[in-house]
Protein chains: 2
Amino acid sequence: MGRVSAQDWARAALDALAEDGFAAVAVEPVAARLGVTKGSFYWHFANRQKLIEAALALWEADSEQIIANLWEITDPARRMRTLLGAAFGDPRDAAIAFRLIGAADDPAVAEVARRVTARRLDVMRQTLEELGQPPDLARRRVLAGYGVYVGVAALRRIGMLDDSAEFVETAVAEMGLDLPP
Amino acid sequence: MGRVSAQDWARAALDALAEDGFAAVAVEPVAARLGVTKGSFYWHFANRQKLIEAALALWEADSEQIIANLWEITDPARRMRTLLGAAFGDPRDAAIAFRLIGAADDPAVAEVARRVTARRLDVMRQTLEELGQPPDLARRRVLAGYGVYVGVAALRRIGMLDDSAEFVETAVAEMGLDLPP
DNA sequence: TGACCTCCATACGGTTGCGTATGGTCCGAC
DNA sequence: GTCGGACCATACGCAACCGTATGGAGGTCA
């Protein structure tokens, strides 16, 4: 296993975070995951905190990429349905989100979580407004929909729900959209 | 600081979990919190895992105690309102819940989270049925209400919501209860 | 008083992770 | 080809934590 970039380190760190939590975002374990040693790490980064920040930045960038792809869907109803389907169908992102919320005592973690969440809520709100819903109603429905999303993801993580396809429909209905796919 | 019981250890461990996360549920830091040393710990417990389990058991017992107090409220509408007010007004319990959900890869953690959550959902469902709501509707509304609860708690933890009094009303309305307090 | 039991302090070895220092390898520039 | 820089391995000291071993303080009960 040859050379690795700072990007590779960030990606591996994000993987470790998703799979095993913040404690696993440690220099030596991630190095082993990449097949290199600490020597590589401290060339690319100053310390462990920078690695965590890089992983969070990568997560944010991934999220932005998904949003960018979403905006290519011009029909707002179809866009919202795609959004919800992707959100409910991605346990990895949900796992990361819960680790961040759990570790939100760290201001750096909280800030990234806040920024990404705000961005996602805004995408939903804007899409609902495109559908002709008044701003205040859109805002409340987005919060409700986000609540259902987080709640369902929580129940799935602790093994109380197997399938969540049903709840995509719930969320869709919650937002005043009962359009066909 | 004199002698401490296994209960004291479990309580201090639960405090550490709520405040600083699972990594803080370590023998020596909790010992310092209690003003004793490891010698005390390894008299009461076999290892660190047992301490974690004791903390989770204590959390479950606390939860059961709250539920027991709740059942003393005979009027189901008032009981539900009290329940929601207590739930939304307790950031400590929310913090513990998110740490557990985030660490749900550990089967022991997931099992406790599952049991406590199931118990709480059941209390809500049963209360709604007492209010005359058909079982299937009650079940769906409990899931929606739980979703709003978890979602709001998540937003509060990352600092996106200051007050949540508004959402008690939202959750109440979500469940088909628009009764006065 | 003395034997005994409960509970805890202290000291120890082992592991894991952080961060630094230093030397080695590969590769392009010239 | 050799020189220099990019990149990595290795070795080290340090700190935190786990679990064990052992002895000591304090109370109890005969």
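The surface near DNA strand C, where a residue counts as near if one of its heavy atoms lies within 4 Å of the strand, has seven nonpolar, five polar and five charged residues. In this classification Ala, Val, Leu, Ile, Met, Phe, Trp, Tyr, Cys and Pro are nonpolar, Asp, Glu, Lys and Arg are charged, and the others, Gly among them, are polar. This is a predicted model, in which local features need pLDDT of at least 70 and side-chain atom pairs count only at pLDDT 80 or more, while totals for chains, interfaces and linings use all residues. Residues are numbered from 1 along each chain as its sequence is written, chains are lettered from A and ligands numbered from 1 in the order in which they are written, and side-chain values use heavy atoms, with hydrogens and water left out.

**The DNA strand**

In total, 17 residues surround DNA strand C, and the closest are K38(A), R3(B), V4(B), T37(B) and H44(B). Of the strand's atoms within 4 Å of the protein, 60% belong to sugar or phosphate, and the rest belong to bases. The table lists polar contacts, that is, pairs of N or O atoms within 3.5 Å; within protein, one atom must be able to donate a hydrogen and the other to accept it, and residues adjacent in sequence count only if both atoms are side-chain atoms.

| Residue | Its polar atom | Atom of DNA strand C | Distance |
|---|---|---|---|
| R48(A) | backbone | phosphate oxygen | 3.0 Å |
| R3(B) | side chain | sugar or linking oxygen | 3.2 Å |
| V4(B) | backbone | phosphate oxygen | 2.4 Å |

Two or more residues of this surface come from each of α2 (27-34) and α3 (38-44) of chain A and α3 (38-44) of chain B, where helices are DSSP runs (H or I, at least four residues) numbered from the N terminus. The most, four residues, is given by α3(B).

**The two protein chains**

Chain A and chain B each bring 30 residues to their contact, which means heavy atoms within 4.5 Å. The area buried between them, which is the accessible area (1.4 Å probe) that the two parts lose on being put together, summed over both, is about 2500 Å², and carbon and sulfur atoms give 67% of it.

Four salt bridges cross this interface, each defined as a side-chain nitrogen of Lys or Arg within 4 Å of a carboxyl oxygen of Asp or Glu. One salt bridge joins the side chains of D105(A) and R157(B), at 3.2 Å from N to O. Between the chains there are also twelve residue pairs in polar contact, both residues being at pLDDT 80 or more.

On the side of chain B that touches chain A, α6 (91-102), α7 (107-130), α8 (135-157) and α9 (165-174) each supply at least two residues, and the largest share, ten residues, comes from α8(B).
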